[in-house]
Amino acid sequence: MNEKTAQIGIGVFLLIIGGLFYLMNMYTPICGDDYLYSFYLTPVAAKSFFEGASIGFEQKISSFADVMFSQYNHYFYVNGRTIPHILEQSFAGLWGEDCFNLINTFFFLLLNMLVIWISGKRNLNKYGYWVVAVFFIWFLLPCPVDLFLLMSGALNYTWSAVFCLFFLLVYNKVRQVERVNWGVAFLLFLLGVISGWTHESLVVGISGALFIIYCVQYNKRRPKSPEVILVVGFWLGTVLLCLSPAARGRASFDHPSIWETFLLIIGELRTFYVLLFLLVCTFFS
């Protein structure tokens, strides 16, 4: 298959997948957390939420100022995922489900593109990589409806994964740059903070891996200032996320031990042994 034919095939494939995904998103109802996020959160509402009630959810979100003040309470009483939850409350309370469905389709396709891009930029023009990426992302991950279609799940997992993968792509480019002007430096720092302040299941592993890389390579390669700015921003976002008062309290409440959490993850994965086999193959290759 020549490059032009492959590009046409990829375009048709993306139109079909994007159309089907959008239709599924249209028929995914607003329920549970998605409905509650359309309300201004108060300390009373936060307490009742964890007790299984819905007391205190009375004031609907009517402005972006409501979103920010509500997120202040989220940070102290619910969890520290401020970036996804700002978007969550903005869509649920202000912008609406139709807007979310359209943008969420784009983010799902973008997630597949970033996965392929990280494997090798030239693979973006190979039809087989797109088919495999969509198949693996949809069928190997648990509960695809929760991860990709529900508003709260998509923003917490799919969108957070896109932010983190984009951060890694920029990180690979920035490593070769000697210096940048203050405007670009600020944007790199902002990207790092936003990407690191998304979801703890993603950013803790990335932050830890970056720290190990610097420890191992410190005497062989000194990081340049643009790279340091980007990574420090990501680490700051990770700290703001994981050390928020609500996150520390929720961690002990939801997951009493690391071992129980690990067993829970294994039980949820649809094809754990397939993923383990792929991980081993990737390691040795």
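What span should the 14 residues of α4 cover at 1.5 Å a residue, and how far apart are its end C-alpha atoms? In this predicted model, the expected span of α4 is 20 Å, and the end C-alpha atoms are 20 Å apart, so that expectation and model agree. A corresponding check can be made on helix α9, which comprises residues 151-174. For the 24 residues of α9 a span of 34 Å is expected at 1.5 Å a residue, and the separation of the end C-alpha atoms, 32 Å, agrees with that value.

These helices belong to a chain in which 15 helices and 0 strands are assigned. Of the 285 residues of the chain, 40% count as buried. When contacts in the chain are restricted to residues at least 6 apart in sequence, 74% of them join residues at least 24 apart. Helix α9 is mostly covered, with 18 of its 24 residues buried.

Within α4, the buried residues are D66, V67, S70, Q71, N73, H74 and Y75. Of particular interest here is Q71, which lies in this helix, spanning residues 64-77. Q71 has a relative accessible area of 4% and therefore counts as buried, the cut-off for that class being under 20%. The side chain of Q71 reaches the backbone oxygen of H85 at a distance of 3.3 Å. Once neighbours within four places in sequence are set aside, the contacts of Q71 are with T82, H85, I86 and Q89, so that H85 appears both in this set and as the residue whose backbone oxygen is reached by the Q71 side chain.

Two residues of helix α12 were examined in the same manner. E227 is found in this helix, which runs over residues 225-242, and L230 is also placed in α12. E227 is buried, with a relative accessible area of 0%, and for L230 the relative accessible area is likewise 0%, so that L230 is buried as well. The side chain of E227 makes a polar contact with the side chain of Y171 at 3.3 Å. Leaving aside neighbours within four places in sequence, E227 is in contact with Y171, V174, R175, Y214 and R221. L230, with residues up to four places away in sequence not counted, touches F167, V170, Y171, V174, L188, L191 and G192. Y171 and V174 are thus found among the contacts of E227 and also among those of L230, and both positions fall within the residue range of helix α9, 151-174. A further pairing links L230 with L188: the two residues are 42 apart in sequence, whereas their C-alpha atoms are 5.0 Å apart in space.

A comparable long-range pairing involves V193, which lies in helix α10 (residues 182-196). V193 has a relative accessible area of 11% and is therefore buried. V193 and G233 are separated by 40 residues in sequence, but the distance between their C-alpha atoms is 4.5 Å. Apart from neighbours within four places in sequence, V193 is in contact with G233, F234, L236 and G237.

The search for enclosed space returned 1 cavity of 30 Å³ or more in the whole structure. The volume of the largest cavity is about 40 Å³, and its lining is formed by N25, T28, P29, I30, D34, E97, F100, N101, L149, L150 and M151. Helix α6 (residues 97-119) provides the largest share of this lining, with 3 residues. By class, the lining of the largest cavity divides into 6 nonpolar, 3 polar and 2 charged residues.

Among the open sites, the second largest pocket contains about 160 Å³ of space. The elements that give two or more residues to its lining are α1 (3-26) and α7 (127-139). The lining residues of this pocket are F13, I17, L20, F21, M24, F108, V131, V134, F135, W138 and F139. The lining of the second largest pocket comprises 11 nonpolar residues, with no polar and no charged residues, whereas the lining of the largest cavity includes 3 polar and 2 charged residues.

Technical notes
Residues are numbered from 1 along each chain as its sequence is written. This is a predicted model: local features need pLDDT of at least 70, side-chain atom pairs count only at pLDDT 80 or more; totals for chains, interfaces and linings use all residues. Side-chain values use heavy atoms; hydrogens and water are left out. Helices (H or I, at least four residues) and strands (E, at least two) are DSSP runs, numbered from the N terminus. The expected span of a helix is 1.5 Å times one less than its number of residues. Buried means under 20% relative accessible area, exposed over 50%, partly exposed in between (1.4 Å probe, protein chains only). On a 1 Å grid over the protein atoms alone, a cavity is a set of points where a 1.4 Å probe fits but cannot get out, and a pocket is an open set with protein on both sides within 12 Å along at least five of seven lines; lining residues have an atom within 4 Å of a point. Grid points are joined across faces, edges and corners, and a volume is the space filled by probe spheres set on the points. Ala, Val, Leu, Ile, Met, Phe, Trp, Tyr, Cys and Pro count as nonpolar, Asp, Glu, Lys and Arg as charged, and the others, Gly among them, as polar. A polar contact is a pair of N or O atoms within 3.5 Å; within protein, one must be able to donate a hydrogen and the other to accept it, and residues adjacent in sequence count only if both atoms are side-chain atoms. Contact means heavy atoms within 4.5 Å.
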